[in-house]
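Some words used for protein structures rest on a cut-off. The questions below ask how such words are earned.

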Amino acid sequence: MKAIYPGSFDPIANGHIDIIERASEFFDEIVVAVMINPKKKYLFSLEERRKLVEDCFHDNKKIKVVTFEGLLVDYMREHHYRVIIRGLRTLTDYGYEAQMALTNKNLYKESETFFIHSEEKYTFLSSSIVREVYFNGGSLSGYIPHHVEKALVEKIQATRSK
Ligand code: PNS
């Protein structure tokens, strides 16, 4: 069975990678769907986010990366996917995640959301924390892949020189 792991990934961090790799042990294929959350303003474009995700998984044939603009359930219906994977870090995530899982279920009855708890060392980590630390000159090496760190530094420099 295939499963879809949707998210913004602005940018992808090691906590996401951990969830994807752990999920891939239980499914034949994990489709990482880089999407648009209408509530967010993005640092990286959709294509840049896709490329940063793809560059994490060249060695893993079970992981495929796609982009989609629109409702997640429309993509799932079209490709006959039923399982959505989402990571859960803390209780604070739960309200938002439950709302999303129930909305997706209402829109597409055949779907099920599976939650995977993040590893303890990643419970504080989010893409917004990563962006904030780098914007202010800090470093989170060990929490994001090297190529993501490089892209982040370049993006922030480019944003500042505008
Ligand atoms: O990483 P994020 O921002 O928490 O991911 C949220 C995302 C992109 C998975 C969610 O906003 C989404 O599914 N967007 C596509 C539009 C959609 O289907 N919305 C209905 C679900 S509430």
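The questions and answers that follow concern a predicted model.

Q: Why is helix α5 called oblique to helix α6?
A: The axes of α5 (residues 127-135) and α6 (residues 146-160) cross at roughly 60 degrees. Angles under 35 degrees count as roughly parallel, and 65 to 115 as roughly perpendicular. The crossing angle therefore makes α5 oblique to α6. The crossing is right-handed.

Q: How do you know that α5 and α6 meet, and which residues are involved?
A: Contact means heavy atoms within 4.5 Å. V130, Y134 and F135 in α5 meet E149, L152, V153, I156 and R160 in α6. By class, this contact has six nonpolar, no polar and two charged residues.

Q: What makes strand β2 mostly covered?
A: A residue is buried when its relative accessible area is under 20%. In β2 (residues 29-34), six of six residues are buried. E29, V31 and A33 point one way, while I30, V32 and V34 point the other way.

Q: How do you know that β1 and β2 pair?
A: Pairing needs at least two bridges. Six bridges join β1 (residues 2-7) to β2, and the two strands run parallel. Within this pair, I4 stands opposite V31.

Q: Why do β3 and β5 count as edges of the sheet?
A: The open sheet has the order β3-β2-β1-β4-β5. β3 (63-67) and β5 (112-117) each have a single partner strand, so one side of each is left without a neighbour in the sheet. For β5, pairing with β4 (residues 83-88) is parallel, over six bridges.

Key
Residues numbered from 1 in each chain as written. Predicted model: local features only at pLDDT ≥ 70, side-chain atom pairs only at ≥ 80, totals over all residues. Heavy atoms only, no water. Axes fitted to C-alpha atoms, helices over the stretch in contact; angles between N-to-C directions. Helix = DSSP H or I, 4+ residues; strand = E, 2+ residues; numbered from the N terminus. Parallel < 35°, antiparallel > 145°, perpendicular 65-115°, else oblique. Left-handed = near helix turned anticlockwise from the far one by under 90°. Nonpolar A, V, L, I, M, F, W, Y, C, P; charged D, E, K, R; others polar. Buried < 20%, exposed > 50% of the residue type's maximum accessible area, 1.4 Å probe, protein only.
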